[in-house]
Structures are given as structure tokens and as C-alpha cells.
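Work through the exercises below with the structure open beside you. Try each task before reading its solution.

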Amino acid sequence: MKYRFSTNDYFIYLLSYVFFFLYIADAQAFFIIPFLRDIPSWIYLIIAIALNVWVLPLPGIHPRLPKPPEVEGLPAPLEAPALPEKPAEREKKAPPKPTPEEKLGKGLSKTHKGFIDRISAVFKRSSSLDQGLLIELEETLVGTDIGVRTAYALFESVQKKAASLNGPDSALRAIREEVETILEKRESPLEIPEGVKPFVMMVTGVNGSGKTTTIAKIAYHLKNEGKSVVIASGDTFRAAAIEQLEHWANKVGVDFVKAQEGADPSSVAFDGLQAAIARNHDVLIIDTAGRLHTKENLMEELKKTQRVLGKKYEGAPHEILLVLDATIGQNAIEQTRQFNNALTVTGIALTKLDGSSKGGVIVGIANEFEIPIRFIGIGEDMDDLQPFHAKSFVNALFLDNES
């Protein structure tokens with residue numbers, strides 16, 4: 001091993017031999033200095049060994065790296081940089097959170113295949129916009145889930161412009177423009193006017209439409225906007241419905257009003273309104289029993305609840321939101337007609353678009369009814385209930401067909 005002693009090292013090395021001498025002197029009992037005779041001899045030995053160990057270049061204790069030879073006129077060599085410590089296990093980076101536009105595009109992918117791809121396939125079979133293609137287009141539009149009336153509205157818009165259209169691609173653009181025009185008329189996100197407190201929202205729809213989770217998601221959004229919310233469980237026909245809605249209310253962190261199973265739904269709505277006023281809540285959301293729109297007596301109960309709220313608080317309910325399931329296709333148009341005739345619906349939430357190829361029904365609803373579309377549901381997460389914006393919706397719907 002090549003190393004160098006410093007001046008201090010030599011001094012310590014010599015000092016260690018002094019203590020070795022003291023150890024031997026004490027062991028042989030020929031001490032000259034009287035006061036050192038009282039110190040045990042093993043102490044001298046330990047000190048001597050320790051000083052020797054300190055001087056020796058032992059790795060980890062007192063390493064002595066040799067100094068590189070210094071050559072006049074040359075700079076000292078650079079020390080090698082320390083290698084970074086290798087982590088035992090690298091943390092996996094979380095994937096970036098999708099944007100609302102990406103979520104919308106993914107959520108409408110099945111509707112794109114069931115509606116837009118079918119129309120595109122017609123245009124791909126011909127390079128010219130002839131009579132045969134128009135007949136095939138008519139049959140395809142009628143076979144989609146937008147409804148017969150809306151299908152012919154789209155077909156006639158293409159037929160009228162046929163002379164000015166250059167070919168299939170321009171015809172598809174014409175359909176896109178007509179769809180966007182129809183949907184833009186119904187774009188009206190929910191707004192709570194100043195001075196209305198509590199704002200009363202009555203939510204209705206058939207069983208299985210996603211009404212309970214839609215209520216929870218709306219409450220979640222309103223709470224994030226800084227509004228205090230109370231939910232009243234007006235579906236008293238099923239105990240499970242009350243428990244399910246209470247679970248969601250607790251999860252979102254909003255107030256909840258309920259009654260026993262079998263109680264009068266209108267009385268629960270009345271109690272909810274009283275609680276909202278007394279507790280100074282901004283918004284009251286009232287759930288109603290999932291009704292079959294063909295049951296006249298059940299629809300009458302909804303009308304009764306509406307009347308009770310109006311008597312207690314002028315203008316209430318301020319919003320009657322109809323929740324529709326996109327997976328039922330054209331049946332959603334008939335549900336809208338029946339509920340609107342009974343209650344005068346003021347807003348629509350179309351759910352489960354991510355699980356259906358029949359989401360084109362939204363075009364039919366927008367064309368046949370002058371009812372604002374408030375929300376669209378494109379997934380199970382709280383953020384997957386989005387305010388409806390026509391342009392964003394059409395962009396996502398025609399995503400793969402943009403030229």
C-alpha cells in the first residue's frame with residue numbers, strides 16, 4: 001500500500017512507544033516517577049494500541065490515500081464525481097389526468113361508432129353524391145337512434161344543399177353543421193340566480209336512469225362552487241333508495257333529510273324545504289320515486305309534490321330536472337314527452353353515454369323538445385357529469401371524421 005505519513009503522524013507514532021515503555025516499566029516495577037505507579041498498567045497498553053491504530057491507514061477508520069504527484073505547470077487532476085445512489089425501487093409515475101375534452105371523446109366513442117361511423121360508411125361506398133347514395137343515407141339515418149323526425153330533418157338539410165355539395169365529405173360536414181345547430185339551441189348549463197335562496201331542484205326519472213348518482217354529482221359540483229346543499233329523499237317506496245341516497249349525501253358531505261319508508265313523498269319534500277330555509281342552505285335537491293312514465297297515478301304524485309312546494313315557497317321548484325338513460329335509445333324521447341306533459345320539465349341530464357352506442361338520441365331530444373340540456377354523464381367519477389356544451393360535444397362526436 002502506498003501512503004504518506006504527515007508530521008503529526010510521526011509524533012503520534014512516537015508517543016505510542018512512550019506508552020508502550022510505561023506499560024513495560026509498570027509491569028517490571030522499575031518506575032522512576034512515583035505518582036505513575038498508581039495507574040494500572042493495562043491503561044498504558046490500551047493508549048499505545050489506540051495511537052498505533054490511529055496512525056495506520058486502515059480503511060473505514062483512518063484511510064490514507066496517496067497524494068498524486070504534483071507536476072509543475074499542470075493543474076491537479078479532478079476528482080471523479082460521486083455516483084448517484086441507486087434507489088431500491090423507482091416510484092412509478094402516475095399517468096397524467098385526462099382533460100375534460102379527452103374524457104368526453106372517450107365517453108362518446110361508442111356513440112361515435114353507433115351513429116357517426118354508420119353515416120360515414122355510407123359516404124365511403126361512393127365518390128359522388130348521387131341519388132343512390134341519398135337513398136342509402138335516408139335509410140341509415142332513419143335506422144339510427146335519433147328518431148324518425150330528426151332523421152328526416154338531417155336528411156332534408158343534405159338534400160337541399162346537394163347541388164352545392166362537392167361530394168360525400170362535404171355532405172358529412174353538412175350533417176355535422178346541422179347537428180351542431182340543433183344542439184346549440186338547447187345548450188343552457190344550470191345557473192342559480194342571485195337572490196333565490198334556497199334554490200329548489202326536483203329530480204325525476206324512471207328507475208335505473210342514474211337518478212341517485214346524478215343527484216350526488218350535482219351536489220358535489222355545487223358544494224365545490226361554495227354552495228351549501230341539502231338533499232331530501234322523496235323516494236319513500238323503497239328503503240334501499242333512502243339508504244343509497246343517504247350514503248351518497250354522506251360521501252359528498254352535504255345535509256340530508258329523510259322519512260320512513262312508505263311516507264308521503266310530498267311531505268318529505270315539504271320537510272326538506274323547511275329544513276333548507278331554517279338551516280339557510282343555498283340549494284335543496286329533492287329526489288323522487290323512480291316512476292314508469294306510463295303509470296298515470298304515479299305521475300299524479302309528482303304533480304302533487306310540485307304543487308306542495310309551490311304553495312310553501314313561491315316559484316318552487318325552480319328546476320325540474322329529468323334524468324334520462326342514453327342506453328334506451330329512442331325510448332328516451334317518449335319518456336321526455338310524458339314527463340314534460342305532466343310536469344313541464346325545465347332541464348335534462350342524459351346519463352350513461354359512455355356505456356351506450358345510442359347516445360345520438362340526444363340530437364332527437366334536442367330537436368323535438370324545447371328543453372335545455374343541462375348535463376351529460378360520461379362515466380362513474382364525480383367529475384364525469386359535465387355541463388352540456390354543444391360545440392365540445394359535436395367535436396368529440398365527430399372526432400375521427402374531421403377533415
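The exercises that follow concern a predicted model, and they go from the whole chain to single residues.

**Exercise 1. The overall count**

Task: State how many helices and strands the protein has, and what share of its residues is buried.

Solution.
- Step 1. Count the elements. The protein holds 14 helices and 8 strands.
- Step 2. Turn to burial. Of the 403 residues, 44% are buried.
- Step 3. Look at contacts between residues with a separation of 6 or more. Residues 24 or more positions apart account for 74% of these contacts.

**Exercise 2. The sheet**

Task: Give the order of the strands in the sheet and find its edges.

Solution.
- Step 1. Read across the sheet. The order is S3-S2-S4-S1-S5-S6-S7-S8. This is an open sheet of 8 strands, and the pairing is mixed.
- Step 2. Find the edges. They are strand S3 (255-257) and strand S8 (385-387), and each pairs on one side only.
- Step 3. Check the twist. On average, neighbouring strands of this sheet are turned by 25° against each other, direction ignored.

**Exercise 3. Two strand pairs and a helix**

Task: Describe how S1 pairs with S4, then name the helix that packs on the sheet and touches both.

Solution.
- Step 1. Take strand S1 (residues 199-204) and strand S4 (residues 283-287). They pair in the parallel sense, over 5 bridges.
- Step 2. Pick one bridge. Met202 has Ile286 in S4 as its bridge partner.
- Step 3. Add the helix. Helix H11 (residues 296-312) packs on the sheet and touches S1, S4 and strand S5 (319-325). The direction of H11 makes about 175° with that of S1.
- Step 4. Move on to S5. S5 and S6 run parallel and are joined by 5 bridges. One of the bridge partners in S6 is Gly347, which pairs with Leu321.

**Exercise 4. A strand inside the structure**

Task: Decide whether strand S6 is enclosed or open to the outside, and check each face.

Solution.
- Step 1. Apply the cut-off. A residue is buried if its relative accessible area is under 20%.
- Step 2. Count along strand S6 (residues 347-351). 5 of the 5 residues are buried, so S6 is largely enclosed by the rest of the structure.
- Step 3. Recall the pattern of a strand. Side chains in a regular strand alternate between the two faces of the sheet.
- Step 4. Sort the residues by face. Gly347, Ala349 and Thr351 lie on one side, with Ile348 and Leu350 on the other. Both faces are covered.

**Exercise 5. Two helices that cross**

Task: Work out how H7 and H14 are oriented to each other, and which residues make the contact.

Solution.
- Step 1. Start with the axes. Those of helix H7 (residues 168-184) and helix H14 (residues 390-397) come within 9 Å and cross at roughly 150°.
- Step 2. Compare with the cut-off. Angles over 145 degrees count as roughly antiparallel. H7 and H14 are therefore roughly antiparallel to each other.
- Step 3. Note the hand. The crossing of H7 and H14 is right-handed.
- Step 4. List the contact residues. H7 brings Arg176, Val179, Glu180, Leu183 and Glu184. H14 brings Ala390, Lys391, Phe393, Val394 and Asn395.
- Step 5. Sort them by type. The contact of H7 with H14 has 5 nonpolar, 1 polar and 4 charged residues.

**Exercise 6. Unusual backbone**

Task: Locate Pro198, Pro317, Asn280 and Lys352, and describe the backbone there.

Solution.
- Step 1. Go to Pro198, in the loop between H7 and S1. A cis peptide bond joins Lys197 to Pro198, with omega about 0°.
- Step 2. Go to Pro317, in the loop between H11 and S5. The peptide bond from Ala316 to Pro317 is cis, and omega is near -10°.
- Step 3. Find Asn280 between helix H10 (265-278) and S4, in a loop. Asn280 is not a glycine, yet its phi is positive, about 60°. Its relative accessibility is 48%, so Asn280 counts as partly exposed.
- Step 4. Find Lys352 in the loop between S6 and helix H13 (361-368). Lys352 has a positive phi near 60°. With a relative accessible area of 32%, Lys352 is partly exposed.

**Exercise 7. A loop serine**

Task: Where is Ser128, and which residues does Ser128 touch, not counting residues up to four places away in sequence?

Solution.
- Step 1. Place Ser128 in the loop between helix H4 (109-124) and helix H5 (131-142).
- Step 2. Check exposure. Ser128 has a relative accessible area of 35% and is partly exposed.
- Step 3. List the contacts. Beyond four places in sequence, Ser128 touches Leu133 and Pro168.
- Step 4. Compare chain and space. Ser128 and Gly167 are 39 residues apart along the chain, and their C-alpha atoms are separated by 5.3 Å.

Note on methods. Residues are numbered from 1 along each chain as its sequence is written. This is a predicted model: local features need pLDDT of at least 70, side-chain atom pairs count only at pLDDT 80 or more; totals for chains, interfaces and linings use all residues. Side-chain values use heavy atoms; hydrogens and water are left out. Two strands pair if DSSP finds at least two bridges between them. Axes are lines fitted to C-alpha atoms, for helices over the stretch in contact, and angles run from 0 to 180 degrees between N-to-C directions. Contact means heavy atoms within 4.5 Å. Angles under 35 degrees count as roughly parallel, over 145 as roughly antiparallel, 65 to 115 as roughly perpendicular and the rest as oblique. A crossing is left-handed if the near helix is turned anticlockwise from the far one by less than a right angle, and right-handed if clockwise. Ala, Val, Leu, Ile, Met, Phe, Trp, Tyr, Cys and Pro count as nonpolar, Asp, Glu, Lys and Arg as charged, and the others, Gly among them, as polar. Buried means under 20% relative accessible area, exposed over 50%, partly exposed in between (1.4 Å probe, protein chains only).
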